[in-house]
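Me: I am new to this structure and would like to learn how to read it. Could you take me through a few features, one at a time?

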Amino acid sequence: MNWNTFPTADALSDHAAQLLLSAIREDPRLVLGLPTGRTPIGMYQRVVRECSREYHCFRDVVTFNLDEYAGVPPEHPASYSAYMQQHLFDHVDLDPANAHLPNGVAPDLDAECLRYEAEIREAGGLGLTFLGLGRNGHIGFNEPGTPFDARTRVVELTPSTRHANADLFPGGNVPTRAITMGIGTILESRAIVLLVAGEGKQEAVARLRSGIIDETFPASALWKHETVTVLATTAF
Ligand code: GLP
């Protein structure tokens with residue numbers, strides 16, 4: 001695991017954006033795994049800025065988001081689909097047909113999970129996946145206790161995760177379930193970048209750094225992967 005620390009979230013975002021853009025320059029048909037949350041917003045802003053100067057940045061890129069809330073339609077402002085439109089998709093030349101998110105309102109959510117896995121496989125698998133880190137160590141919506149070989153599936157959100165995302169759902173209607181890529185799915189990505197910034201993450205960083213691999217701490221699964229880069233701020 002390759003660790004990089006940054007004095008500020010801005011410095012982290014600069015670096016993350018450069019990693020993403022240089023991966024696209026190296027492979028214009030890159031298959032990206034993409035996160036949501038507060039942490040990657042700065043990275044997306046920089047990528048958008050840079051791509052407005054470059055010709056056809058995302059033209060042949062394929063993206064798969066890590067997760068989506070169950071029961072939340074794509075047009076809901078707090079959906080991850082709306083987040084991706086707002087922060088990235090609306091501003092770059094990514095073909096909408098190549099931008100994938102799980103459909104949280106599919107009539108059969110289990111079938112939707114299988115379909116999503118099949119789509120990733122058909123695209124040739126994930127090339128580079130960016131992840132955020134939950135305070136309890138979750139990656140995507142893989143909460144503590146998730147088996148490391150889990151595939152894309154419907155999960156129950158923990159009270160702490162629902163609390164952390166509550167401000168996005170005024171009125172207290174925080175979803176109780178989500179669809180998430182599994183840890184097994186994520187670990188098949190050829191390279192992974194974990195972004196860690198934001199309040200209340202010190203403990204999670206210390207636990208990850210300890211190197212102890214344990215299913216009670218989902219991000220520790222990343223130690224089983226050979227090509228992981230961690231970008232973390234030093235101040236939380
Ligand atoms: C959410 C997302 C995760 C994200 C995490 C951290 O629950 N499902 O993919 O990484 O929370 O979010 P933030 O970056 O806002 O701290």
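**Reading loops and a ligand site**

Reply: Start with L88, which lies in the loop between helix 3 (80-87) and strand 5 (99-100). Keep in mind that this is a predicted model.

Me: Is L88 buried or exposed, and why?

Reply: Buried means a relative accessible area under 20%. L88 has 1% relative accessibility, so it counts as buried.

Me: How far apart are L88 and V47 in sequence and in space?

Reply: Separation along the chain and separation in space are two readings. L88 and V47 stand 41 residues apart in sequence, and their C-alpha atoms are 8.1 Å apart in space.

Me: Where is L30 found?

Reply: L30 belongs to the loop between helix 1 (9-26) and strand 2 (31-34). Its relative accessibility is 7%, and the cut-off for buried is under 20%, so L30 counts as buried. For L30 and D60, the C-alpha to C-alpha distance is 7.5 Å, with their positions 30 residues apart in sequence.

Me: Which loop holds S220, and what does its side chain reach?

Reply: S220 sits in the loop between helix 7 (202-209) and strand 10 (228-233). Its side chain reaches the backbone oxygen of F217 at 2.7 Å. S220 has a relative accessible area of 0%, so this residue is buried.

Me: Now the ligand. Which residues surround it?

Reply: To read a binding site, list the surrounding residues, then sort them by kind. Around the ligand are G37, R38, T39, D67, Y80, G132, L133, H138, G140, F141, N165 and K201. This shell divides into three nonpolar, six polar and three charged residues.

Me: Which residues have polar atoms at a stated distance from an oxygen atom of the ligand?

Reply: Check whether each contact comes from the backbone or from a side chain. For R38, a polar backbone atom is 2.7 Å from a ligand oxygen. For T39, an N or O atom in the side chain is 2.5 Å from an oxygen atom of the ligand. For K201, a polar side-chain atom lies 2.7 Å from a ligand oxygen.

Me: How much of the ligand's accessible area does the protein cover?

Reply: Compare the ligand on its own with the ligand in place. On its own, the ligand has 390 Å² of accessible area, and the protein covers 93% of that.

Me: In which pocket does the ligand sit?

Reply: The ligand sits in the largest pocket.

Notes. Residues are numbered from 1 along each chain as its sequence is written. This is a predicted model: local features need pLDDT of at least 70, side-chain atom pairs count only at pLDDT 80 or more; totals for chains, interfaces and linings use all residues. Side-chain values use heavy atoms; hydrogens and water are left out. A residue is near a molecule or strand if one of its heavy atoms lies within 4 Å of it. A polar contact is a pair of N or O atoms within 3.5 Å; within protein, one must be able to donate a hydrogen and the other to accept it, and residues adjacent in sequence count only if both atoms are side-chain atoms. Accessible areas come from the Shrake-Rupley method with a 1.4 Å probe; for residues, only the protein chains shown count as cover. On a 1 Å grid over the protein atoms alone, a cavity is a set of points where a 1.4 Å probe fits but cannot get out, and a pocket is an open set with protein on both sides within 12 Å along at least five of seven lines; lining residues have an atom within 4 Å of a point. A molecule sits in a cavity or pocket if more than half of its atoms lie within 2 Å of its grid points. Ala, Val, Leu, Ile, Met, Phe, Trp, Tyr, Cys and Pro count as nonpolar, Asp, Glu, Lys and Arg as charged, and the others, Gly among them, as polar. Helices (H or I, at least four residues) and strands (E, at least two) are DSSP runs, numbered from the N terminus. Buried means under 20% relative accessible area, exposed over 50%, partly exposed in between (1.4 Å probe, protein chains only).
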